[in-house]
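The following exercises concern one protein chain and its ligand. Each task is followed by a solution that proceeds step by step.

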Amino acid sequence: MKFYNKVALVTGGTSGIGYSVAERLMKEGAKVVIVGRNVEKGEKAIQKLKEIHSDVMYLSVDISNSNDVKKMVRKTVSSFGKLDVAFNNAGNAEGKPALTHEYSEDDFDKMMGVTIKGVWLCLKYEIQEMLKTGGGAIVNTSSLDALICSAGTTAYAAGKSGVIALTRAVAQEYGTYGIRVNALTPGAIRTPMIESKFQDLTIEQAKLLEDKYSNFNAAGRIGKPEEAAAAVIWLLSDEASYITGQNIIVDGGVSFIN
Ligand SMILES: NC(=O)c1ccc[n+]([C@@H]2O[C@H](COP(=O)([O-])OP(=O)(O)OC[C@H]3O[C@@H](n4cnc5c(N)ncnc54)[C@H](O)[C@@H]3O)[C@@H](O)[C@H]2O)c1
C-alpha cells in the first residue's frame, strides 16, 4: 500500500495511461480524483474504479481554463482534505496533422493551451496546496514527439518539449520544499489516442500502421497503458525520493534506435 492515506489527482484519468495510473494508485491505497472532459466517460470510469474502493471522484475540467483548474484543486482538497500526488497527464493530438505554413493560429493556440498552459496551471494550483502540507510528488506527461519530431506535428512537439523544460524548472524551484517533479515521455502506447489513428483504415492499412509502430522500436510492439503507468507509479512513490527533474522515457526502445 505505497499510497495509503495519500490523495491523488489524475488529469486525463478517464482512459488510457491516466486511467491505468488512477487504478494503480487506488490499489495502493490512495484516494483519487480523476479529471476529464466527458461526463459519460467519467462516470463509466468511476463505476469500474469503485470496485477497488469508494474514495474516488470524477470532475469535468478543461485544463486550459484557469477557473476550472482552480476549482479542480479546491474540490480535491475540500473532498479529501489535502493533495499529495498529481499526474498532469491530460493532453491530445486532436486536429489534422498539417505543415507549419498551413496550420491555423487558432489550432496552435488551442494546442498550446492544453499542452503547456494546462500543465502550468495544474502545477501552479497543485503546488500551492503541497506547500501547505510540506511536500508532494508530481509527474507531467510529455511525448516522444518532443524528442523525435515528425513533420505535421509542430505545435504538439513544441508543447510537449515545453513540458520537459517546465518539469526541470519547477523541480529546481521546489526541491527544498519537498516537492518532486518529473516527466513521463511515452512512445506509442495502445490507448484511445492511438486507437483513433486506426479508425477508418482498411484491414491492410491498419496492419501497415501496426507494423510501422512495432518495427520502429526494439520491443517490436506497441506498449500497454499499464507499462507506462508502472513508471509513473514509481516516480510518484517514496521509492523515487531522490529523483526529480527527470524525464523517464517509456517507448520500447524507439529513442535509442533512432
Ligand atoms: N498513447 C500514446 O501513444 C501517447 C504517446 C505520447 C504521449 N501521449 C500522451 O499521453 C497522455 C495521455 O494520453 P492517452 O494516450 O492515455 O490518451 P487518452 O485519449 O486515453 O487520454 C487523454 C485524456 O486527456 C483528456 N484531455 C484532453 N484534453 C483535455 C483538456 N483540455 N482538459 C481536460 N482533459 C483533457 C481526455 O479527456 C482524455 O481523458 C496525453 O498527454 C498524450 O499526449 C500518449
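**Exercise 1. Place Val139 in the fold and establish whether Val139 is buried or exposed.**

Solution. The coordinates come from a predicted model.

Step 1. Val139 belongs to strand 5, which covers residues 136–141.

Step 2. The relative accessibility of Val139 is 0%. Buried means under 20% relative accessible area, so Val139 counts as buried.

Step 3. Once neighbours within four places in sequence are set aside, the contacts of Val139 are Ala86, Phe87, Asn88, Asn182, Ala183, Leu184, Val232, Leu235 and Leu236.

Step 4. One of these contacts, Asn88, is 51 residues from Val139 in sequence, while the two C-alpha atoms are 6.1 Å apart in space.

**Exercise 2. Carry out the corresponding analysis for Ile179: which strand holds this residue, and with which residues is Ile179 in contact?**

Solution.

Step 1. Ile179 is found in strand 6, residues 179–186.

Step 2. Ile179 has a relative accessible area of 0% and is therefore classed as buried.

Step 3. With neighbours within four places in sequence left aside, Ile179 is in contact with Ile127, Met130, Leu131, Gly135, Gly136, Ile138, Tyr174 and Thr244.

Step 4. Between Ile179 and Leu236 the separation is 57 residues in sequence and 10 Å in space, taken from C-alpha to C-alpha.

**Exercise 3. Describe the setting of Gln205 and identify the backbone atom that its side chain approaches.**

Solution.

Step 1. Gln205 is located in helix 7.

Step 2. Its relative accessible area is 40%, so Gln205 counts as partly exposed.

Step 3. A polar side-chain atom of Gln205 lies 2.8 Å from the backbone nitrogen of Thr202.

Step 4. For a view across the chain, take Val10: Gln205 and Val10 are 195 residues apart along the chain, and 34 Å separates their C-alpha atoms.

**Exercise 4. Characterise the surroundings of the ligand: how many residues form its shell, and which polar atoms approach the ligand?**

Solution.

Step 1. The ligand is surrounded by 27 residues, of which the closest are Ser15, Asn89, Tyr156, Ile189 and Thr191.

Step 2. By class, this shell comprises 12 nonpolar, 12 polar and 3 charged residues.

Step 3. Consider the polar approaches. An oxygen atom of the ligand lies 2.7 Å from a polar backbone atom of Asn89. A nitrogen atom of the ligand lies 3.0 Å from a polar backbone atom of Ile63. A side-chain N or O atom of Thr14 is 3.2 Å from an oxygen atom of the ligand.

Step 4. Taken alone, the ligand would expose 820 Å², and the protein buries 95% of that area.

Step 5. Helix 1 (16–27), helix 5 (154–174) and helix 6 (192–198) are the elements that supply two or more residues to the shell. Helix 6 gives the most, with 3 residues.

**Exercise 5. Examine the backbone angle phi at Asn5 and Asp200, and state where each residue lies.**

Solution.

Step 1. As a reference, most residues other than glycine have a negative phi.

Step 2. At Asn5, phi is near 70°, a positive value in a residue other than glycine. Asn5 lies in the segment before strand 1 (7–11). With 44% relative accessibility, Asn5 counts as partly exposed.

Step 3. At Asp200, phi is near 65°, again a positive value in a residue other than glycine. Asp200 occupies the loop between helix 6 and helix 7 (203–215). Exposed means over 50% relative accessible area, so Asp200, at 78%, counts as exposed.

**Exercise 6. Assess the chain as a whole: what are its secondary structure, its radius of gyration and its surface?**

Solution.

Step 1. The protein chain contains 9 helices and 7 strands.

Step 2. Its radius of gyration is 18 Å, close to the 18 Å that the globule rule gives for 258 residues; the chain is therefore as compact as a globular protein of that length.

Step 3. The C-alpha trace spans about 50 × 35 × 35 Å along its principal axes.

Step 4. Of the 258 residues, 50% count as buried. The accessible surface comes to about 12900 Å², and 52% of this belongs to carbon and sulfur atoms.

Step 5. Among contacts with a separation of 6 or more, 73% are between residues 24 or more positions apart.

Note on methods. Residues numbered from 1 in each chain as written. Predicted model: local features only at pLDDT ≥ 70, side-chain atom pairs only at ≥ 80, totals over all residues. Heavy atoms only, no water. Near = heavy atom within 4 Å. Polar contact = N/O pair within 3.5 Å; in protein donor to acceptor, adjacent residues only side chain to side chain. Areas by Shrake-Rupley, 256 points an atom, 1.4 Å probe, with all protein chains shown as cover. Helix = DSSP H or I, 4+ residues; strand = E, 2+ residues; numbered from the N terminus. Nonpolar A, V, L, I, M, F, W, Y, C, P; charged D, E, K, R; others polar. Buried < 20%, exposed > 50% of the residue type's maximum accessible area, 1.4 Å probe, protein only. Rg over C-alpha atoms; globule rule 2.2 N^0.38 Å. Contact = heavy atoms within 4.5 Å.
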